[in-house]
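Hi everyone, thanks for making time for this. I'd like to walk you through one structure, so please have a look at it first.

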Amino acid sequence: MVLYEELLLHLLQTQPRMEITFPDLDISPNVYIESRCYQALQKIRDILRDDSLMDADCFSKIEAIVCLLEEMGIDTGNRHDFG
């Protein structure tokens, strides 16, 4: 699934009710996608700028990014099965 479709599907799934016209949808899909993408980029940047972690802790940074994407309803595939 394309990232745009995943984000849009997540938006629609969180609506209190769904109708063909989406009467309770108070944000345009484009505005929603742009906002969520910007928020994700800010959080990813903040994770990567965290100088309190040593290079050996890069795994933790990648894990935090994977978790962020999953929280946003974005499928990261099987890459998150580290256990």
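Let me start with a question: does E6 count as buried or exposed? Keep in mind that what we have here is a predicted model. The answer is that E6 counts as buried, because its relative accessibility is 11%, and the cut-off for buried is under 20%. E6 sits in helix α1. Follow the chain 67 residues along from E6 and you get to G73, yet the two C-alpha atoms are 7.0 Å apart in space.

Now take E5, which also lies in helix α1. E5 is partly exposed, because its relative accessible area is 42%. E5 has a distant partner in sequence too: I74 is 69 residues away along the chain, with 9.5 Å between the C-alpha atoms.

Let me step back to the whole protein for a moment. You are looking at 83 residues, 20% of which count as buried. There are 3 helices and 0 strands, so to speak a plain α-α-α pattern when you read along the sequence. For the contacts with a separation of 6 or more, 40% come from residues 24 or more positions apart. The protein exposes about 6,300 Å², and carbon and sulfur atoms supply 56% of that area.

Back to α1, which runs over residues 3-13. Which residues are buried in this helix? They are E6, L7, L11 and L12. A reminder for reading that list: an α-helix has 3.6 residues a turn, so residues three or four places apart point the same way.

And what covers the buried residues of α1? The cover includes α2, residues 29-48. When two helices pack, we describe them by the angle between their axes and the distance between the axes. Here the axes of α1 and α2 come within 10 Å and cross at roughly 110 degrees. The range of 65 to 115 degrees counts as roughly perpendicular, and α1 and α2 are therefore roughly perpendicular to each other.

If you want to click through the contact yourselves, select Y4, L7, L8, H10 and L11 on the α1 side. On the α2 side, the residues they meet are P29, N30, Y32, I33 and C37.

I33 is a nice one to zoom in on. This residue is found in helix α2 and counts as buried, because its relative accessibility is 9%. Setting aside neighbours within four places in sequence, I33 is in contact with Y4, L7 and L8. With L7, the C-alpha separation is 6.7 Å, for residues 26 apart along the chain.

Y4 deserves a second look, since we have just met it as a contact of I33. Y4 counts as partly exposed because its relative accessibility is 35%. On the surface, Y4 joins V2 and L3 in a nonpolar patch, and together the three have about 270 Å² of accessible area.

Last stop, the charges. How many salt bridges does the structure hold? There is 1, and the side chains of R45 and D46 make it, at 3.1 Å from N to O. R45 counts as partly exposed because its relative accessibility is 36%. D46 counts as partly exposed as well, because its value is 43%.

That's my tour, and I'm happy to take questions.

Methods: Residues numbered from 1 in each chain as written. Predicted model: local features only at pLDDT ≥ 70, side-chain atom pairs only at ≥ 80, totals over all residues. Heavy atoms only, no water. Patch = residues over 30% accessible without salt bridge, like charges linked within 9 Å, V, L, I, M, F, W, Y side chains within 5 Å. Areas by Shrake-Rupley, 256 points an atom, 1.4 Å probe, with all protein chains shown as cover. Salt bridge = Lys/Arg side-chain N within 4 Å of Asp/Glu carboxyl O. Helix = DSSP H or I, 4+ residues; strand = E, 2+ residues; numbered from the N terminus. Buried < 20%, exposed > 50% of the residue type's maximum accessible area, 1.4 Å probe, protein only. Contact = heavy atoms within 4.5 Å. Axes fitted to C-alpha atoms, helices over the stretch in contact; angles between N-to-C directions. Parallel < 35°, antiparallel > 145°, perpendicular 65-115°, else oblique.
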